Every structure is written in structure tokens, then in C-alpha cells.
Amino acid sequence: MHRKAMKAPDFSLKEARTGKTVRLSDFAGKPVLLTFWVSWCPDCQRDLPQKEAFYRTMDKDALGFLTINATGREAAPDDGIRFIEEQKLTFPVLLDEGLKTYEAYGCTCVPSTFIIDADGNIVQRFGDKAAFYEIVEALGPLLSEQEQAESGRE
């Protein structure tokens, strides 16, 4: 059951650890889980470790996984980087240009999580009070579609 999907705004942001430029369009053809966050937020502090556990076990060929630190909402520009180092988070962390990407996605809270389908459409959006299991549950059908599409190409 898909409601009218909105095309996910593309972005080109630097990865916090490597400095490498990452674009949403790099993940064309596969679904993406995208989360905006800040270091001082209690909901983010609860959400990110769960996403880290998921990231460590997921099939990275079947699903793109990106997080964006909304640097414009941090007290200091390096707070997000310090947080990921302290928490030993290994998933990709992109640094927003102030709030440019955050605003392009219409975010009003953190964490804000988006599920983007293989065609680049936002098919689900979750706010700061969403339970992690709801997000994983919503990913299920997309990952099944992806698996079927890939097995059809073999």
C-alpha cells in the first residue's frame, strides 16, 4: 500500500570520517534507510545504537544505510563527530551543510528517518517518537521486492 510517493531530494555531502563525498544518487536501484540526527538529543541517543546493531548485521548490498548529522542544530560543529567516536558507531555519517539537507527533507524533529525505495521515492517517514521495530517492519516489504528483483536478474 503505497501512497503518492515524493521523490527524495538528492544531496552531495561529506562523510564525517573519510571526507569522501556521498550522494543519494549513488544508491540508485536499491532502497535506502536515511536518518537525520544530532548528538544532544535523547531520542537520537536511544535510536542510533539500535540502528548501529542493525547496520552491523544487515545485507549492505540489499539496502543503503545513511545517517546525516544536522550540523546546524549542534552546539558546536564537531559535536556529531565526537559523538560517533564516543559511541563507536560504524555506519556512514554524512555532515549536513548547516540545515540545507534537513530542510530539503522537511524535517521538524530529530531523529527523522526516511525509507526511500529503489526508484528514489520517499515511501515512509518516521519522527522522533517512532519505535525502531516500526522502521524495520516497514523495511520488510521493500527488501523482499529488492530480493525478488535481484533474483530475477541472475
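**Exercise 1. Starting from Glu 52, find which residues it is in contact with, leaving aside its neighbours within four places in sequence, and settle whether it is buried or exposed.**

*Solution.* Once neighbours within four places in sequence are set aside, Glu 52 is in contact with Lys 88, Leu 89, Thr 90 and Phe 91. The model examined here and in the exercises below is a predicted one. Glu 52 itself belongs to helix α1, and its relative accessible area of 5% falls under the 20% limit, so it is buried. Its side chain makes a polar contact with the side chain of Thr 90, at 2.6 Å. Another of its contacts, Lys 88, sits in the loop between α2 and β6 and, with a relative accessibility of 61%, counts as exposed. Lys 88 also has a positive phi of about 55 degrees, although it is not a glycine, and this residue comes just after α2.

**Exercise 2. Determine which residues of α2 are buried, and how they are placed around the helix axis.**

*Solution.* The first step is to list the buried residues of α2, which are Asp 79, Gly 80, Phe 83 and Ile 84. The second step is to consider their directions: they cover an arc of only 130 degrees around the axis, so they lie on the same side of α2. The spacing can be read against a general property of helices: an α-helix has 3.6 residues a turn, so residues three or four places apart point the same way. The third step is to ask what this side meets, and the buried residues of α2 prove to pack against β4 (32-37), α1 (42-57), β5 and β6. The face turned away from the buried side carries the exposed residues Glu 85 and Glu 86.

**Exercise 3. Establish how many aromatic pairs the structure holds, and work out the geometry of the pair formed by Phe 11 and Tyr 105.**

*Solution.* The structure holds 11 aromatic pairs. In the pair of Phe 11 and Tyr 105, the ring centres are 6.4 Å apart and the planes stand at 55 degrees; this angle is neither under 30 nor over 60 degrees, so the pair is tilted. Phe 11 is placed in the loop between β1 (6-7) and β2 (12-15), and Tyr 105 in the loop between α3 (100-104) and β7 (112-116), so the pair ties together parts that are 94 residues apart in sequence. Both partners can then be checked for burial: Phe 11 is buried at a relative accessible area of 5%, and Tyr 105 counts as buried at 2%.

A second pair can be treated in the same steps. The rings of Phe 65 and Phe 91 have centres 5.4 Å apart and planes at 45 degrees, so this pair is tilted. Phe 65 lies in strand β5 (residues 64-69) and Phe 91 in the loop between α2 (79-87) and β6 (93-95), so the parts tied together are 26 residues apart in sequence. Phe 65 counts as buried at 4% relative accessibility, and Phe 91 counts as buried at 0%.

Finally, ring pairs link Phe 11, Phe 36, Tyr 102, Tyr 105 and Phe 114 into a cluster.

**Exercise 4. Identify the residues with the most contacts inside the largest nonpolar core, and say which elements each supply at least two residues of this core.**

*Solution.* The largest nonpolar core has 46 residues, and those with the most contacts inside it are Phe 11, Leu 34, Tyr 105 and Ile 116. At least two residues of this core come from each of β4, α1, β5, α2, β6, β7, β8 (121-126) and α4 (132-153). Beyond four places in sequence, Phe 11 touches residues including Leu 34, Leu 66, Ile 68 and Tyr 105.

**Exercise 5. Describe the surroundings of Ser 112, and state the form of the peptide bond from Val 110 to Pro 111.**

*Solution.* Ser 112 lies in strand β7 and is buried, with a relative accessible area of 2%. A polar atom of its side chain lies 2.5 Å from the backbone oxygen of Cys 109. Not counting residues up to four places away in sequence, Ser 112 touches Leu 34, Thr 35, Phe 36, Cys 107 and Phe 126. The peptide bond from Val 110 to Pro 111 is cis, with omega near -10 degrees, and Pro 111 is placed in the loop between α3 and β7.

Key: Residues numbered from 1 in each chain as written. Predicted model: local features only at pLDDT ≥ 70, side-chain atom pairs only at ≥ 80, totals over all residues. Heavy atoms only, no water. Phe/Tyr/Trp six-rings, centres within 6.5 Å; stacked < 30°, edge-to-face > 60°. Helix = DSSP H or I, 4+ residues; strand = E, 2+ residues; numbered from the N terminus. Buried < 20%, exposed > 50% of the residue type's maximum accessible area, 1.4 Å probe, protein only. Arc of directions from axis to C-beta. Contact = heavy atoms within 4.5 Å. Polar contact = N/O pair within 3.5 Å; in protein donor to acceptor, adjacent residues only side chain to side chain. Core = buried A, V, L, I, M, F, W, Y, C linked by side-chain atoms within 4.5 Å.
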